[in-house]
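Let's take a walk through this one together. Have a look at the model first, and then we'll go through it piece by piece.

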Amino acid sequence: MMSLTIHRALVTAVRRLTPGMARVTLGGPDLAGYPTTGVGDEYVRLFFPHEGEAEPELPQATERGGWSWEEEQRPAPMRTYTIRSVNAAARTVDIDFVVHDGGVAAAWALAAKPGDVVGMTSPTGLYELPTNARWQILVADAAGLPAAARLVEQTPPGVRTRVVLEVVDPHHRQPISLGDPARDEAELTVEWVYAGNGHTPSRLDAVIRELELPEEPGYLWFAGETGVMRAVRKNLRHERKLPNGTYTTVGYWTHRAEELRQRWEALDEETRTRLYRMWDDESRDIEEITDDYHAQLERLGL
């Protein structure tokens, strides 16, 4: 595992992609040689300035892959985002933000301008297509759309790809295409669903339940709201009984996040420590730990 690094990133450009999404390009001297994993779905932690401050104070990376703050520092607000693209030659990283009223990250992105500063960690990849895969199905809501688009662009030749994207309405659609224009477009199918994203109930769990998966080796990737992700994961792992390594489900955001954050912070220290330490148990299968972790969160109303 690559050790965590923390970088000071300068905004070099901002572009509105759709009514609900803005692209912020980050650069600056500290992004020279930025250690991208090269994985299409890789996430970073972004540290934002407090209101009224020009830039955030940055924490120090720790040996265990996390970060810590000095006693005199004021911890900066942190949120998790996926990388849309990395341009090694230009030394820039693109991050696409779902923008809406409220929220630290959305408010920052809506006001961002060249010269603004955020902190950004080195990335962690979450997608691993099996070497024998002949197909993949990528399912995401608006928050997962940037990663899905990048995954499509990086899809190896010969892998049939079906993409299902849930957005509010047709104005939120974006072009989705294979990275090489010479590729056979028959290898790619893109479907749009208009629902979810905090406006209406998501339809993605139902969409996945209705899927007929090919019998050839393949891979299913889901990224979206945490509650929907839990339902999708139960279907894939416990009802369809897909083998480990043939699917990935990622919770990109959480409905009523602030309310749930307050509930988490209200937990006693012993409970929170126990939940954190579950992931350190190397004697258990990671999927079993994930089952147990989500079950305990649900019992706690999280």
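The helices and strands named here are DSSP runs, numbered from the N terminus, with at least four residues (H or I) for a helix and at least two (E) for a strand. With that in hand, asparagine 197 can be placed: it sits in the loop between β12 and α3 (204–209). Keep in mind that this is a predicted model.

Asparagine 197 is worth a stop for its backbone. Its phi is near 60°, a positive value in a residue other than glycine. Is asparagine 197 buried or exposed? Buried means under 20% relative accessible area, and asparagine 197 has 18%, so it counts as buried.

Now go to lysine 241, in the loop between α4 and β14. Lysine 241 is not a glycine either, yet its phi is positive, at about 55°. As for accessibility, the cut-off for exposed is over 50%; lysine 241 has a relative accessible area of 61%, so it is exposed.

Next, the interior. The largest nonpolar core has 24 residues, and Tyr127, Leu138, Val152, Leu165, Ile176 and Trp221 are the ones with the most contacts inside it. Two or more residues of this core come from each of β10 (135–141), α2 (145–153), β11 (160–167), β12 (188–194), β13 (218–225) and β14. The top contributor is α2, which gives six residues.

To see the packing from one residue's point of view, pick leucine 165. Leaving out residues up to four places away in sequence, leucine 165 touches Ala140, Leu145, Ala148, Ile176, Glu191, Trp192 and Val193. Apart from this core lies another one, of 22 residues, with Leu26, Phe48, Val93 and Val99 among them.

Last stop: helix α7, residues 286–299. How far apart are its end C-alpha atoms? The helix has 14 residues, and at 1.5 Å a residue it should span 20 Å; the ends are 20 Å apart, so the two agree. At the N-terminal end, aspartate 285 acts as a cap, with a side-chain oxygen 2.8 Å from the backbone nitrogen of glutamate 287. Just after α7, glycine 301 takes a positive phi of about 75°.

Glutamate 287 also turns up among the buried residues of α7, along with Ile289, Thr290, Tyr293, His294, Gln296 and Leu297. What covers these buried residues includes α4 (226–239), β14 (247–253), α5 (257–266) and α6 (269–277). You've already met β14 as one of the elements giving two or more residues to the largest core.

Definitions and conventions. Residues are numbered from 1 along each chain as its sequence is written. This is a predicted model: local features need pLDDT of at least 70, side-chain atom pairs count only at pLDDT 80 or more; totals for chains, interfaces and linings use all residues. Side-chain values use heavy atoms; hydrogens and water are left out. The expected span of a helix is 1.5 Å times one less than its number of residues. Buried means under 20% relative accessible area, exposed over 50%, partly exposed in between (1.4 Å probe, protein chains only). Contact means heavy atoms within 4.5 Å. A polar contact is a pair of N or O atoms within 3.5 Å; within protein, one must be able to donate a hydrogen and the other to accept it, and residues adjacent in sequence count only if both atoms are side-chain atoms. A nonpolar core is a set of buried Ala, Val, Leu, Ile, Met, Phe, Trp, Tyr and Cys residues joined through side-chain atoms within 4.5 Å.
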